[in-house]
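Biologist: I have a model open on my screen and I'd like to learn how to read it. Could you walk me through it?

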Amino acid sequence: MIETNRRSFVLGLAAASATITGASAQAQTGAAVLPTLNSSTMATDVTYWDAVRKLYAVSPSIVNLENGYWGIMAESVRLDYLAKTDMVNRENSFYARTQFGRDAEAARLAVAAAVGAAPAEVALTRGATEALQLLIGGYNKLQPGDTVLYSDLDYDSMQYAMNWLKERRGVNVVKFSIPEPASRAAVLQTYQKVLADHPKAALLLVTHVSHRTGLVMPVAEIAAMARARGVDVVLDAAHSWGQIDFKVQDLGVDFIGFNLHKWIGAPLGIGFMYVAKSRLADIDRAMGDEDWAPTDIRSRVHTGTYNFASVLALPGALALHQQIGPRAKALRLRHLRDYWVSRVRDFKGLEILTPDEPGMAAGITSFRLAGKGTAADNNAIVAQLRDQFGVFTVRRAGVAKGQCIRVSPAIYTSEADLDRLVQGLRAVTSA
Ligand SMILES: Cc1ncc(COP(=O)(O)O)c(C=O)c1O
């Protein structure tokens, strides 16, 4: 796809995208009509968040507190995506071969600017999985006998990729557990110790926001510790950007995989890879890509033909994200988490798996009933919350101390939605 664009003959196609009309005009810019946000009460400004809620068409059939899987598009983005799908279908290869390269480049540049990266540091992917597998598999500095490290909270398929490095690169693979209950000090101590205990460590996988518990890792501190020992970090930021407000330079990490279809609200099937400019040579080209120069980060991803419309709708999604406000979104999501957690923290036997400490939780937080760490235990609670209280959550496995249930509100979630969860948890814990 990319190759065809590089070779494209410029025909001055009468702007295929200009044929998109009506509903998508607003959608293309992502602009929505929102009231002015009260800057001193960003997280709780009722007028503002009511207006944000109206940007989304959400099924009334359930209170969906499982928005960590992916984030639905706002209506403006959805309409834009549909219009772009129609345009691509109508214009077919004529559009794809003559204009998509230019439009994809605009989307890539918009992502780079928003995340604070240089254009040379960003390549679009179909999601975080693609980006992270290419980073872990393509990291070419490992020598046989080196050690690679990851934790119980890291994402399953990234754990698989780290395990596979044993076959691929002849390294030793070490898995460790994040302490529970977690605190910033305990987490830092754990990373400090695991790095000290493994002097041959060369690569460390860190997950910015855990999809299992919601724990937010103090990435900058961990990355600085690793750097001091000559250990590179691959960061799984699948859940962080959009849920937390940051720029890449805040993290001090050279290799990062991101999603855009979770907390940014882009269509499904889009994410990106970040590689610090000076480190590109340390990641192999994707399956020997020859479309792009080895010095171009786009040679590190070779997706083939993918969903053009998801890329085309990305600038609108990003614009809306910026308009709602990355900081406001982060504060709102943390407020929603604090709202339900503060109301259930004293319920008998309920363990909350993220600490209240600033910076250690965002919008996602999981809970477990003491002694109930099996799949069956947690499935039963998920079913009770769903069937008796109309609240949808999800069981998460893989946490060293036992399975748990994840609660992930969205920016359209209201406090009243969370009251339903609190009511359900009261019943579950008093049974
Ligand atoms: C922590 C983490 N990493 C990576 C991924 C993979 O993201 P995707 O399936 O969108 O590629 C996910 C998805 O839920 C995740 O939670």
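**Two domains and a sheet**

Modeller: Happy to. The C-alpha centres of domain 1 and domain 2 lie 27 Å apart. Keep in mind that this is a predicted model.

Biologist: Which residues belong to domain 1 and which to domain 2?

Modeller: Domain 1 covers 106-320, and domain 2 covers 326-430. The two do touch: 21 residues of domain 1 are in contact with 24 residues of domain 2. On the domain 1 side, the touching residues break down into eight nonpolar, seven polar and six charged.

Biologist: Now the sheet. In what order do the strands of the open sheet come?

Modeller: First the general idea. Strands of a sheet pair through backbone hydrogen bonds, in either a parallel or an antiparallel way. Here, seven strands form an open sheet with mixed pairing, and reading across gives β2-β8-β7-β6-β5-β3-β4. The edge strands are β2 (122-125) and β4 (172-176); each has a single partner strand, so one side of each has no neighbour in the sheet. From one strand to the next, the twist averages 15°.

Biologist: Let's zoom in on β6. Which strands does β6 run parallel to, and how many bridges join them?

Modeller: On one flank, β6 (residues 232-237) is joined by four bridges to β7 (residues 255-259), and the two run parallel. Within that pairing, Val 234 has Phe 255 of β7 as its bridge partner. Strand β5 (residues 201-207) also pairs with β6 in the parallel sense, over five bridges. There, Thr 207 is matched with Asp 236 of β6.

Biologist: What links β5 to β6 in the β-α-β unit?

Modeller: Helix α9 (residues 219-228) does, and together β5, α9 and β6 make a right-handed unit. Another helix to look for is α6 (residues 128-138), which lies across β2, β6, β7 and β8 (271-275) and runs at about 165° to β7.

Biologist: Are the residues of β6 buried or exposed?

Modeller: The general idea is that side chains in a regular strand alternate between the two faces of the sheet. In β6, Asp 232, Val 234 and Asp 236 are on one side, while Val 233, Leu 235 and Ala 237 are on the other, and all of these are buried. Six of the six residues of β6 are buried, so this strand is largely enclosed by the rest of the structure.

Biologist: And the loops? Where is His 211?

Modeller: His 211 sits in the loop between β5 and α9. It counts as buried because it has 23 C-beta neighbours inside 10 Å; the cut-off is 20 or more. Although His 211 and Ala 238 are 27 residues apart in sequence, their C-alpha atoms are 8.7 Å apart in space.

Biologist: What does His 211 touch, beyond its neighbours within four places in sequence?

Modeller: Those contacts are Gly 68, Tyr 155 and His 239. Follow Tyr 155 next: you'll find it in the loop between β3 (147-151) and α7 (156-169). Tyr 155 is buried too, with 22 other C-beta atoms within 10 Å. Leaving out residues up to four places away in sequence, Tyr 155 touches Thr 207, His 211, Asp 236 and Ala 238.

Biologist: So Thr 207 and Asp 236 turn up again!

Modeller: Yes, the bridge partners from β5 and β6 are both among the contacts of Tyr 155. For a distant pair, try Tyr 155 and Arg 420: they are 265 residues apart along the chain, and their C-alpha atoms are separated by 29 Å.

Key: Residues numbered from 1 in each chain as written. Predicted model: local features only at pLDDT ≥ 70, side-chain atom pairs only at ≥ 80, totals over all residues. Pairing = 2+ DSSP bridges. Axes fitted to C-alpha atoms, helices over the stretch in contact; angles between N-to-C directions. Contact = placed C-beta atoms within 7 Å. Buried ≥ 20, exposed ≤ 12 C-beta atoms within 10 Å, placed from the backbone. Right-handed = clockwise from strand over helix to strand, strands pointing away. Domains from an automatic or database assignment. Nonpolar A, V, L, I, M, F, W, Y, C, P; charged D, E, K, R; others polar.
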